Amino acid sequence: MDKVVRLASEKGVVLFSKSSCCLCYAVKILFQELGVNPAVHELDQDPEGREMEKALMRMGCNAPVPAVFIGGKLVGSTNEVMSLHLGGGLLPMLKPYQTLC
């Protein structure tokens with residue numbers, strides 16, 4: 001769990017993903033369209049990926065990927081991110097990390 005916490009706080013927006021996950025891809029595209037370049041950690045390409053998945057579940061993720069952290073805090077998975085976006089709450093959270101105007 002220490003590695004997940006460390007990685008989650010190294011950059012403003014962090015996404016734990018799997019390269020073959022379509023929901024992860026959707027979240028990546030959403031961030032791209034919103035002008036945010038998150039740090040992406042592909043768990044299926046990391047030797048410690050399985051342990052990180054378990055740590056994410058213990059931290060409260062309903063599904064281990066995608067797991068989104070903003071400002072070092074767990075936002076959640078696709079449902080939470082999309083709900084925030086549709087409700088207007090995601091953009092204010094991402095504002096400090098946007099690279100586009």
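Two strands pair if DSSP finds at least two bridges between them. In this predicted model, β3 and β4 meet that condition, since 3 bridges join them. The two strands run antiparallel. Their hairpin has 2 residues between the strands. Within the hairpin, G71 takes a positive phi near 60°. Most residues other than glycine have a negative phi. Across the β3–β4 pairing, F69 has L74 of β4 as its bridge partner.

The hairpin belongs to an open sheet of 4 strands. The strand order is β2-β1-β3-β4, and the pairing is mixed. Strands β2 (39–42) and β4 (73–76) form the edges, each pairing on one side only. From one strand to the next, the twist averages 25°. Strand β1, residues 13–17, runs parallel to β2 and is joined to it by 4 bridges. In this pairing S17 stands opposite E42 of β2. The pairing of β1 with β3 is antiparallel and also spans 4 bridges. Here L15 of β1 faces V68 across the strands, V68 being in β3.

Strand β3 is covered on both faces. A67 and F69 are buried on one side. V68 and I70 are buried on the other. In a regular strand the side chains alternate between the two faces of the sheet.

Two helices pack on the sheet. Helix α2, residues 22–33, touches β1, β2 and β3 (67–70). The direction of α2 makes about 160° with that of β1. Helix α4, residues 78–86, touches β3 and β4. The direction of α4 makes about 85° with that of β4.

The helices α2 and α4 also pack on each other, at an angle of about 30° and with their axes 10 Å apart. Angles under 35 degrees count as roughly parallel, so α2 is roughly parallel to α4. The crossing of α2 past α4 is left-handed. From α2, the residues L23, A26, V27 and L30 take part in the contact. They meet T78, V81, M82 and H85 of α4.

The cysteines were examined for disulfides. The count comes to 0. A disulfide requires cysteine sulfur atoms within 2.5 Å. For C22, the closest cysteine sulfur is that of C21, at 5.6 Å, which is too far for a bond. C22 counts as exposed because its relative accessibility is 59%. C24, in contrast, is buried, with 0% relative accessibility.

Another buried residue is found in a loop. L43 lies between β2 and α3 (49–58). Its relative accessible area is 3%, so L43 is buried. Neighbours within four places in sequence aside, L43 is in contact with F16, S17, G49, M52, E53, L56 and V65. F16 and S17 fall within β1, residues 13–17. G49, M52, E53 and L56 fall within α3 (49–58). L43 also lies 8.0 Å from S19, C-alpha to C-alpha, although the two are 24 residues apart in sequence.

V65, one of the contacts of L43, leads into an unusual backbone feature. The peptide bond from V65 to P66 is cis, with omega near -10°. Most peptide bonds are trans. P66 is placed in the loop between α3 and β3. The C-alpha atoms of P66 and Y25 are 8.8 Å apart in space, while 41 residues separate the two in sequence. Y25 lies in helix α2. With a relative accessible area of 53%, Y25 is exposed.

A further long-range approach involves helix α3. R58 has its place in this helix. The C-alpha atoms of R58 and M1 are separated by 8.5 Å. Along the chain, R58 and M1 are 57 residues apart. R58 counts as exposed because its relative accessibility is 55%, and exposed means over 50%.

Technical notes
Residues are numbered from 1 along each chain as its sequence is written. This is a predicted model: local features need pLDDT of at least 70, side-chain atom pairs count only at pLDDT 80 or more; totals for chains, interfaces and linings use all residues. Side-chain values use heavy atoms; hydrogens and water are left out. Axes are lines fitted to C-alpha atoms, for helices over the stretch in contact, and angles run from 0 to 180 degrees between N-to-C directions. Contact means heavy atoms within 4.5 Å. Buried means under 20% relative accessible area, exposed over 50%, partly exposed in between (1.4 Å probe, protein chains only). Angles under 35 degrees count as roughly parallel, over 145 as roughly antiparallel, 65 to 115 as roughly perpendicular and the rest as oblique. A crossing is left-handed if the near helix is turned anticlockwise from the far one by less than a right angle, and right-handed if clockwise.
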